Structure formats: C-alpha cells, structure tokens
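Subject: Structure handover

Hello,

Here is the structure for you to work with. My notes follow below it.

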Amino acid sequence: MARKAPRRGSSQAPGRSIRIIGGAWRGRRLPVAVAEGLRPTPDRVRETLFNWLAPRIEGARCLDLFAGTGALGLEALSRGAAHVQFVERDRQAIASLRAALDTLVAGARATLVQGDALALTLSPPAPDIVFIDPPFAAELHGPALDRVLAALPGHAQIYVEYPAQDSDAIQALLAERVAIRRAKRAGEVGYCLAQPRPAGEDDRASLIS
C-alpha cells in the first residue's frame with residue numbers, strides 16, 4: 001500500500017521486496033525502492049481486493065495512481081489485466097517498477113508516468129479499474145477521485161485505500177462522489193471498492209461490509 005508524504009533519497013536495497021500473491025507470477029518476489037513511508041498494500045488486503053475483482057480483471061485496463069512499489073498494478077498484470085498505467089512521482093520508485101517489469105517481461109503491457117497523480121490527464125481508452133492509494137497524511141482521496149471520475153465509464157471499478165481509523169470519514173467523503181459496493185478493514189488499513197454512481201442511486205443502501 002500506501003505511499004506517504006513526499007519522499008527524498010529513496011533507493012533500491014537488497015532485502016526489501018514485494019511478493020505477487022496470485023496469477024501467472026504467483027510467488028514471485030521483486031525488489032522495490034526503499035523510502036520513508038513507502039509500503040505495499042498488505043497481502044491479505046490484496047487477496048480480498050482481487051477476489052472482488054476476479055470477474056473483471058481479465059483483459060482489463062487499469063490505472064495505478066500513487067503507484068509506489070507497484071504492488072497493486074503488478075498484481076493486476078499477474079492476474080490477466082491487459083494494461084496498467086502506473087503513476088508515481090518518486091524517480092527511484094519508477095526505476096524500481098521499470099526493473100520489475102523488465103524482469104517479468106511485461107513492459108509491453110504497462111505505461112510508467114513519473115509525475116503528480118493530481119495533474120494526470122486521462123486519454124482514451126478509459127481505464128476499467130482504478131487503484132487510488134495516496135499518501136495517507138496528505139488527504140488526497142477526494143481530489144484524486146475527482147481527477148479521474150469524469151473520464152470513467154459506468155462499469156469502472158474504483159479501489160480506494162485509507163487509514164482504518166478514518167474509515168467513517170473517508171467513506172462519507174467518497175459516498176458524495178461514488179457508489180461504495182464493498183468495504184472492509186484489516187489492521188490499520190481500511191479499503192473499499194466503488195463505482196460511478198448511477199443517477200438517483202442512494203449509495204448508503206449499497207454498502208457491503
């Protein structure tokens with residue numbers, strides 16, 4: 001998961017890695033950049049998320065905002081996503097992701113964008129699945145969703161990760177923008193899966209815990 005505040009002096013170091021937990025690359029470990037506050041989405045959270053996404057991940061186009069280690073986007077590729085666009089501002093994290101894609105011979109199925117996720121302009125075709133896992137302390141969940149929501153089709157799946165202690169507040173913020181379909185928490189991490197809300201839908205009635 002989560003990429004915390006702006007980072008400096010990150011590097012790639014032996015012993016720091018992520019594990020792909022399902023799909024074609026199941027069990028593969030990949031080295032990742034080391035930076036303060038940079039940590040992948042926990043394995044059990046990824047397991048639940050991709051169980052939710054199982055009917056939709058094959059052939060999907062994905063957008064991994066605030067990609068960090070790339071754990072979510074790489075997991076999506078392993079499970080059959082057609083393409084993932086990774087957006088991350090940290091140069092060393094991007095370099096680490098590029099090396100991982102080279103190792104997996106998956107560069108043709110990915111696009112790397114080094115830059116600010118809130119400055120991203122989406123070009124067609126629109127993503128089917130968006131992963132939004134911003135720095136927890138930066139309070140970017142609403143702005144990040146606002147940045148992409150207008151470009152998403154009605155069937156799009158939107159994953160959002162946040163501090164568990166703030167679950168009620170963030171879900172209320174999200175519910176102003178999207179229909180929350182599933183929501184859970186695991187330790188210090190809260191997370192949910194949402195969709196663009198059809199006109200007239202009352203999101204509060206659609207939440208599954």
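Which element gives the most to the lining of the largest cavity? It is α3, with three residues. Bear in mind throughout that this is a predicted model.

**Cavity**

The search of the whole structure turned up one cavity of 30 Å³ or more. Its volume is about 30 Å³. The lining consists of Val32, Ala33, Leu38, Gly68, Thr69, Ala93, Ser96 and Leu97. Both β2 (29–34) and α3 (91–103) supply at least two of the lining residues. By class, five residues of this lining are nonpolar and three are polar. No charged residue takes part.

**Second largest pocket**

The second largest pocket holds about 180 Å³ of space. Around it sit Arg61, Cys62, Leu63, His83, Gln85, Thr111, Thr121, Leu122, Ser123, Pro124, Pro125 and Pro127. Strands β3 (61–65) and β4 (83–88) each contribute at least two residues to that lining. The top contributor is β3, with three. Sorted by class, the lining has six nonpolar residues, five polar ones and one charged.

**Aromatic rings**

There are four aromatic pairs in the structure. One of them joins Phe50 and Phe131. The ring centres are 6.0 Å apart and the planes meet at 45°, which makes the pair tilted. This pair links distant parts of the chain. Phe50 is in helix α1 (residues 43–53) and Phe131 is in strand β6 (residues 129–132), 81 residues apart. Phe50 and Phe131 are both buried.

Trp52 and Tyr191 form another tilted pair, at 5.6 Å centre to centre and 35° between the planes. Here too the pair links distant parts of the chain: Trp52 belongs to helix α1, Tyr191 to strand β9, and 139 residues separate them. Trp52 counts as buried because its relative accessible area is 15%, under the 20% cut-off. Tyr191 is buried as well, at 2%.

Ring pairs join up into a cluster of Phe50, Trp52, Phe131, Tyr159 and Tyr191.

**Helix α5**

Which residues of helix α5 (residues 167–175) are buried? They are Ser167, Ile170, Gln171, Leu174 and Ala175. These residues lie on the same side of α5, because they cover an arc of only 140° around the axis. The spacing fits a general rule: an α-helix has 3.6 residues a turn, so residues three or four places apart point the same way. Asp168 and Ala169 are exposed, on the other side of α5.

What do the buried residues of α5 pack against? Their partners are α4 (141–149), β7 (157–163), β8 (178–186) and β9 (189–196).

Ser167 is worth a look on screen. This residue of helix α5 has a relative accessible area of 8%, so it is buried. Leaving aside residues up to four places away in sequence, Ser167 touches Tyr162 and Gly190.

**Where to start**

For the cavity, begin at α3, which gives the most to its lining. For the second largest pocket, begin at β3. For the rings, helix α1 holds Phe50 and also Trp52.

Best regards

Definitions and conventions
Residues are numbered from 1 along each chain as its sequence is written. This is a predicted model: local features need pLDDT of at least 70, side-chain atom pairs count only at pLDDT 80 or more; totals for chains, interfaces and linings use all residues. Side-chain values use heavy atoms; hydrogens and water are left out. Buried means under 20% relative accessible area, exposed over 50%, partly exposed in between (1.4 Å probe, protein chains only). Helices (H or I, at least four residues) and strands (E, at least two) are DSSP runs, numbered from the N terminus. The arc is that of the directions from the helix axis to the C-beta atoms. Contact means heavy atoms within 4.5 Å. On a 1 Å grid over the protein atoms alone, a cavity is a set of points where a 1.4 Å probe fits but cannot get out, and a pocket is an open set with protein on both sides within 12 Å along at least five of seven lines; lining residues have an atom within 4 Å of a point. Grid points are joined across faces, edges and corners, and a volume is the space filled by probe spheres set on the points. Ala, Val, Leu, Ile, Met, Phe, Trp, Tyr, Cys and Pro count as nonpolar, Asp, Glu, Lys and Arg as charged, and the others, Gly among them, as polar. Rings of Phe, Tyr and Trp (its six-membered ring) pair if their centres lie within 6.5 Å; planes under 30 degrees apart count as stacked, over 60 as edge-to-face and the rest as tilted.
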